[in-house]
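Subject: The structure we talked about

Hi there,

Here is the structure I promised to pass on. Have a look at it first, and then read my notes below.

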Amino acid sequence: DWHANLFTLERRFYVIFCEDISRLSVLAGPVLKRDLQDLPQLLRDNLGRTLRSEAFSESSIEFAVSRLSDMCIAKTDNRSVLGTITDNIWHTEMHAYHAGGVDLAGLDYLAKHLNHMPMGPLKYQYAIEAFSRSVVRDA
């Protein structure tokens, strides 16, 4: 399962996606209203971009994206994941500020910081490592 949250940064809208199990974060943006009409495709596109920036193999990326075939959108009350998303938005804002802005930092750089932080719900493992264990398809 994935969760999404819309937030503003430098007067533009961005979406942060967070997977329940691994807490992998994917950033998308800046987004417009028309981009939000197809939120599943926005996740697919940006998950692929994030995994490419993390040097995942194409077969692993295709597998990860293929798992997103059937998606429904609903509200959540999973406070643990919502807390992770809130923390990650704060970290994104701080890293963007210190880098001189989102355009200078780039979404891949910001997502890399989020996914290479120890996560309490994962017993202080990195989100990227937890996600990697579920999708890596290389022998």
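Let me start with a term you will need: a residue counts as buried under 20% relative accessible area, as exposed over 50%, and as partly exposed in between. Arg12, at 25% relative accessibility, is therefore partly exposed. Please keep in mind that this is a predicted model.

**The hairpin**

A good place to begin is the start of the chain. Strand S1 covers residues 2-9 and strand S2 covers residues 12-19; the two run antiparallel and are joined by eight bridges. One of the partnerships to look for is Thr8 with Phe13 in S2. Together S1 and S2 make a hairpin with two residues between them. In the turn you will find Glu10, which has a positive phi of about 55°.

**Salt bridges**

Side chains of opposite charge can pair when their charged atoms come close. This structure holds five salt bridges, and I will walk you through some of them.

Back to Arg12: its side chain meets that of Asp103 in a salt bridge, at 3.2 Å from N to O. Arg12 belongs to strand S2 and Asp103 to helix H5 (residues 102-105), so this pair ties together parts that are 91 residues apart in sequence. Asp103 is exposed, because its relative accessible area is 62%. Glu10 comes in here too, since Glu10, Arg12 and Asp103 are linked in a network of salt bridges.

Strand S2 also contains Glu19, whose side chain forms a salt bridge with Arg67 (3.9 Å, N to O). Arg67 sits in the loop between helix H3 (58-66) and helix H4 (79-99), 48 residues apart from Glu19. Glu19 counts as buried, at 7% relative accessibility, whereas Arg67 is partly exposed at 38%.

Asp108 and Arg49 form a salt bridge as well, with their closest N and O atoms 2.7 Å apart. Asp108 is in helix H6 (residues 107-115) and Arg49 in helix H2 (residues 39-53), so parts 59 residues apart in sequence are tied together.

**Aromatic pairs**

Searching the whole structure turns up two aromatic pairs. In one of them, the ring centres of Trp2 and Phe131 are 6.3 Å apart and the planes are at 70°, so the pair is edge-to-face. Trp2 lies in strand S1 and Phe131 in helix H7 (residues 127-135), so the pair ties together parts that are 129 residues apart in sequence. Phe131 is buried, with a relative accessible area of 1%.

Enjoy exploring!

Best wishes

How values were computed: Residues numbered from 1 in each chain as written. Predicted model: local features only at pLDDT ≥ 70, side-chain atom pairs only at ≥ 80, totals over all residues. Heavy atoms only, no water. Pairing = 2+ DSSP bridges. Helix = DSSP H or I, 4+ residues; strand = E, 2+ residues; numbered from the N terminus. Phe/Tyr/Trp six-rings, centres within 6.5 Å; stacked < 30°, edge-to-face > 60°. Buried < 20%, exposed > 50% of the residue type's maximum accessible area, 1.4 Å probe, protein only. Salt bridge = Lys/Arg side-chain N within 4 Å of Asp/Glu carboxyl O.
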